[in-house]
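Let's take a walk through this chain together, starting with the overall layout and then stopping at a few spots. Keep the viewer open and turn the model as you read.

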Amino acid sequence: MRKTDRISKAFVMHATLLVSYMMTMESGASFNPAFGMAQSLYMIGIYNNNGTGLGSELAKFTWVYMVVPYVGAAIAALIYKVHSSATSTK
């Protein structure tokens with residue numbers, strides 16, 4: 001029974017990641033915040049070097065790659081605390 005549980009958990013996790021990846025395929029989103037930040041800085045440099053001036057427009061949104069992972073972690077911690085306190089009182 002334990003092996004079946006592990007296999008089913010792995011399948012569900014794989015399917016969730018696959019669906020998440022398919023939904024964000026063309027948006028430029030990434031699962032790894034460090035990669036997202038590096039990609040953003042790289043594109044800012046590329047656009048500043050080609051003379052379009054688009055790099056300064058993209059630089060306005062760099063804060064998203066720095067702040068949003070911490071906000072997501074705080075929300076996940078809050079949900080965990082609420083869930084664990086609700087299950088422990090039963």
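In what order do the elements of the chain run from the N terminus on? They go α-α-α-α, and the count agrees with that: 4 helices and 0 strands.

Before going further, keep in mind that you're looking at a predicted model. The chain has a mean pLDDT of 81, with 89% of its residues at 70 or more. Among the elements, helix H4 (residues 63-88) has the highest mean pLDDT, 88, while helix H3 (residues 54-59) has the lowest, at 76. As a general caution, predicted coordinates should not be read in detail where pLDDT is low.

Now for the surface. Of the 90 residues in the chain, just 7% count as buried. The accessible surface adds up to about 7800 Å², and carbon and sulfur atoms account for 70% of that.

Helix H2 is a good place to slow down. This helix covers residues 33-49, which makes 17 residues. At 1.5 Å a residue it should span 24 Å, and its end C-alpha atoms are indeed 24 Å apart, so the two values agree. Which residues of H2 are buried? They are Gly-36, Met-37, Ser-40 and Ile-44. These residues lie on the same side of H2, because they cover an arc of only 100° around the axis. Turn to the other side of H2 and you'll find Ala-34, Tyr-42 and Asn-49, which are exposed.

From there, hop over to helix H3, where Glu-57 sits. Its relative accessibility is 40%, so Glu-57 counts as partly exposed, since that class lies between the 20% and 50% cut-offs. Glu-57 and Tyr-47 are 10 residues apart along the chain, and their C-alpha atoms are separated by 9.6 Å.

The last stop is a nonpolar patch on the surface, about 770 Å² in area. Phe-61, Trp-63, Met-66, Val-67, Val-68, Val-71, Ile-75 and Ile-79 make it up. Take Met-66, one of these residues, as an example. Met-66 is found in helix H4, and with a relative accessible area of 45% it is partly exposed.

Definitions and conventions:
Residues are numbered from 1 along each chain as its sequence is written. This is a predicted model: local features need pLDDT of at least 70, side-chain atom pairs count only at pLDDT 80 or more; totals for chains, interfaces and linings use all residues. Side-chain values use heavy atoms; hydrogens and water are left out. pLDDT is the predictor's confidence in each residue, from 0 to 100. Helices (H or I, at least four residues) and strands (E, at least two) are DSSP runs, numbered from the N terminus. Buried means under 20% relative accessible area, exposed over 50%, partly exposed in between (1.4 Å probe, protein chains only). Accessible areas come from the Shrake-Rupley method with a 1.4 Å probe; for residues, only the protein chains shown count as cover. Patches are made of residues with over 30% relative accessible area and no salt bridge: like charges are joined within 9 Å, nonpolar side chains (Val, Leu, Ile, Met, Phe, Trp, Tyr) within 5 Å. A salt bridge is a side-chain nitrogen of Lys or Arg within 4 Å of a carboxyl oxygen of Asp or Glu. The expected span of a helix is 1.5 Å times one less than its number of residues. The arc is that of the directions from the helix axis to the C-beta atoms.
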